[in-house]
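Reader: I've got a model open and I'd like to learn how to read its surface and its helix. Can you walk me through it?

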Amino acid sequence: MKLKIIVHEAEEGGYWAEVPAIPGCATQGETFEELLQNLYEAIEGCLSVDLESIEMTDKDKVMEIAV
């Protein structure tokens with residue numbers, strides 16, 4: 001999966017970024033490298049799903065796909 005991000009230079013130094021395809025998904029970093037690392041964690045957190053809150057039967061399956 002490829003996502004477009006918007007990287008901003010923070011007024012106080014460092015960077016912050018947002019992921020328009022995932023509302024509310026944003027992060028920051030003091031360096032560009034730190035920002036990229038934080039982006040991966042932010043995106044994973046925004047896309048993760050708590051399976052315990054979903055009602056499932058024995059006939060249901062949990063799968064992961066790459067897009």
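Reader: Which residues form a nonpolar patch on the surface?

Author: Keep in mind that this is a predicted model. To find a patch, look for nonpolar side chains that sit together on the outside. Here Ile-5, Val-7, Phe-32, Leu-36 and Tyr-40 make one up, and together they have about 450 Å² of accessible area. Helix α1 gives the largest share of that patch, three residues.

Reader: And where does Ile-5 lie?

Author: Ile-5 belongs to the segment before β1. Its relative accessible area is 31%, so Ile-5 counts as partly exposed.

Reader: Okay, on to the helix. How many residues does α1 have, and what should they span?

Author: Helix α1 runs over residues 32-47, which is 16 residues. At 1.5 Å a residue they should span 22 Å, and the end C-alpha atoms are indeed 22 Å apart, so the two agree.

Reader: Which residues of α1 are buried?

Author: Those are Leu-35, Asn-38, Leu-39, Ala-42 and Ile-43. Look down the axis of α1 and these buried residues fall within an arc of 140°, so they line one face of the helix. That buried set packs against β1 (6-9), β2 (15-18) and β3 (26-29). On the other side of α1 you'll find Glu-33, Tyr-40, Glu-41 and Glu-44, which are exposed.

Reader: What about Asn-38: buried or exposed?

Author: Buried: the cut-off is under 20% relative accessible area, and Asn-38 has 17%. Setting aside neighbours within four places in sequence, Asn-38 is in contact with Thr-27, Gln-28 and Gly-29.

Key
Residues are numbered from 1 along each chain as its sequence is written. This is a predicted model: local features need pLDDT of at least 70, side-chain atom pairs count only at pLDDT 80 or more; totals for chains, interfaces and linings use all residues. Side-chain values use heavy atoms; hydrogens and water are left out. Helices (H or I, at least four residues) and strands (E, at least two) are DSSP runs, numbered from the N terminus. The expected span of a helix is 1.5 Å times one less than its number of residues. Buried means under 20% relative accessible area, exposed over 50%, partly exposed in between (1.4 Å probe, protein chains only). The arc is that of the directions from the helix axis to the C-beta atoms. Contact means heavy atoms within 4.5 Å. Patches are made of residues with over 30% relative accessible area and no salt bridge: like charges are joined within 9 Å, nonpolar side chains (Val, Leu, Ile, Met, Phe, Trp, Tyr) within 5 Å. Accessible areas come from the Shrake-Rupley method with a 1.4 Å probe; for residues, only the protein chains shown count as cover. A salt bridge is a side-chain nitrogen of Lys or Arg within 4 Å of a carboxyl oxygen of Asp or Glu.
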